Amino acid sequence: MSKSKMSKLNLGLAAAAIALSLSSNAFAFDAAALKDAPKVGGVGMKITDAAIKPWNISYFYDGTNLPDGKGTVSAGEKIYNKDCAMCHGDFGEGAHGYPKMVGDPVDQFEASAKAGVDAVGNRGINNTWGNAPTLMDMIHRHMPFYAPGTLTVDESYSATCYVLNLANIVDENFVCDKESLPKIVMPGAKLYTTNLGSDTHNIRCMKDCYKGTPAVVEKAASIGDVSVGKVEKRDSH
């Protein structure tokens with residue numbers, strides 16, 4: 001029996017212990033482009049567009065920027081066993097303190113988090129991952145941990161497919177690509193809100209931004225003729 005099949009049988013048990021912290025992030029990039037990128041010889045060197053190119057990509061939650069290519073669960077199982085299992089466990093249960101792939105069911109995870117019981121050790125892609133395309137971003141950008149960026153696009157799609165299968169989100173015949181990933185409804189999607197607005201409502205100001213006079217309410221320190229005080233508050237822009 002393949003591990004992908006065994007993982008499904010054991011999912012119920014694994015879910016009680018599995019947590020993932022594919023923490024975020026991800027520099028998704030083209031491994032071939034990275035190979036051709038000029039080497040960085042030290043701090044202070046002028047960075048070039050060619051050096052930045054392999055890292056300058058992002059796969060958005062809705063699938064924007066996902067590359068051409070595809071991957072399967074079966075191909076991903078081989079990659080996972082070779083490059084991922086050492087940290088995430090043979091069945092995604094986590095190993096050596098590294099993140100798990102499958103956590104508690106969403107309702108159980110939410111209840112334990114609200115009760116303050118646990119919201120870390122029971123994490124997994126099945127409860128704390130809102131969108132499948134960003135999982136691909138994470139894997140392509142950061143995995144494997146010891147050699148980030150060495151997976152090709154197809155290998156990254158396959159690894160994504162396999163961990164989704166471990167979490168019982170897709171079946172073993174699922175094919176991951178730029179069309180299929182955005183259509184996956186992640187179990188934890190309801191815990192996320194997508195805000196397409198700006199990060200701040202403030203108006204950017206680059207010159208003479210502070211129009212008030214700070215009121216010094218306390219003398220904090222003096223060095224010779226120079227004193228440093230505490231400002232009560234600033235006027236609004």
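# Briefing: loops, core and salt bridges

Asn65 is found in the loop between helix H4 (49-52) and strand S1 (70-72). Helices (H or I, at least four residues) and strands (E, at least two) are DSSP runs, numbered from the N terminus. The model is predicted: local features need pLDDT of at least 70, side-chain atom pairs count only at pLDDT 80 or more, and totals for chains, interfaces and linings use all residues. Residues are numbered from 1 along each chain as its sequence is written, and side-chain values use heavy atoms, with hydrogens and water left out.

**Overall build**

- The protein has eight helices and four strands.
- Along the sequence, the pattern reads α-α-α-α-β-α-α-α-α-β-β-β.
- Of its 237 residues, 38% count as buried. Buried means under 20% relative accessible area, exposed means over 50%, and partly exposed lies in between (1.4 Å probe, protein chains only).
- The exposed area is about 14300 Å², and carbon and sulfur atoms supply 55% of it. Areas come from the Shrake-Rupley method with a 1.4 Å probe; for residues, only the protein chains shown count as cover.
- Take contacts between residues at least 6 apart in sequence: 65% of them join residues at least 24 apart. A contact means heavy atoms within 4.5 Å.

**Backbone exceptions**

- Most residues other than glycine have a negative phi, and most peptide bonds are trans.
- Asn65 has a positive phi, near 80°. At 47% relative accessibility, Asn65 is partly exposed.
- His96 also carries a positive phi, near 55°. It sits in the loop between helix H5 (73-88) and helix H6 (106-114). His96 is exposed, at 72% relative accessible area.
- Asn168, just after H8, takes a positive phi of about 65°.
- The peptide bond from Met143 to Pro144 is cis, with omega near -5°. Pro144 belongs to the loop between helix H7 (132-142) and helix H8 (153-166).

**Nonpolar core**

- The largest nonpolar core has 33 residues. Such a core is a set of buried Ala, Val, Leu, Ile, Met, Phe, Trp, Tyr and Cys residues joined through side-chain atoms within 4.5 Å.
- Tyr80, Leu164, Leu181 and Ile184 have the most contacts inside this core.
- H5, H7 and H8 each give two or more residues to this core. H8 supplies the largest share, eight residues.
- Beyond four places in sequence, Leu164 touches Ile125, Leu135, Ile169, Val170, Cys176, Leu181, Ile184 and Met186.

**Helix H8**

- H8 has 14 residues and reaches 20 Å from its first C-alpha to its last. That is close to the 20 Å expected at 1.5 Å a residue. The expected span is 1.5 Å times one less than the number of residues.
- Of the 14 residues of H8, 12 are buried, so the helix is largely enclosed by the rest of the structure.
- The buried residues of H8 include polar ones by name: Ser156, Ser158, Thr160 and Asn165 are among them.
- Ser156 lies in H8 and is buried at 0% relative accessibility. Leaving aside neighbours within four places, Ser156 contacts Met136, Ile139, His140 and Leu151.

**Salt bridges**

- The structure holds six salt bridges. Each one is a side-chain nitrogen of Lys or Arg within 4 Å of a carboxyl oxygen of Asp or Glu.
- Asp68 and Lys178 pair at 2.5 Å, N to O. Asp68 lies in the loop between H4 and S1 and Lys178 in the loop between S2 and S3, so the pair ties together parts 110 residues apart in sequence. Asp68 is exposed at 57%, and Lys178 is partly exposed at 34%.
- Asp107 and Lys190 pair at 3.0 Å, N to O. Asp107 is in helix H6 and Lys190 in the loop between S2 and S3, so this bridge ties together parts 83 residues apart in sequence. Asp107 is exposed at 53%, and Lys190 is exposed at 54%.
- Asp107, Glu110, Lys114 and Lys190 are linked in a network of salt bridges.
- Arg141 and Asp137 pair at 2.9 Å, N to O. Both lie in helix H7, four residues apart, about one turn of the helix. Both are buried.

**Nonpolar surface**

- Phe60, Tyr61 and Leu196 make a nonpolar surface patch of about 310 Å². Patches use residues with over 30% relative accessible area and no salt bridge: like charges are joined within 9 Å, nonpolar side chains (Val, Leu, Ile, Met, Phe, Trp, Tyr) within 5 Å.
- Leu196 lies in the loop between strand S2 (175-177) and strand S3 (216-223). Leu196 is exposed, at 65% relative accessible area.
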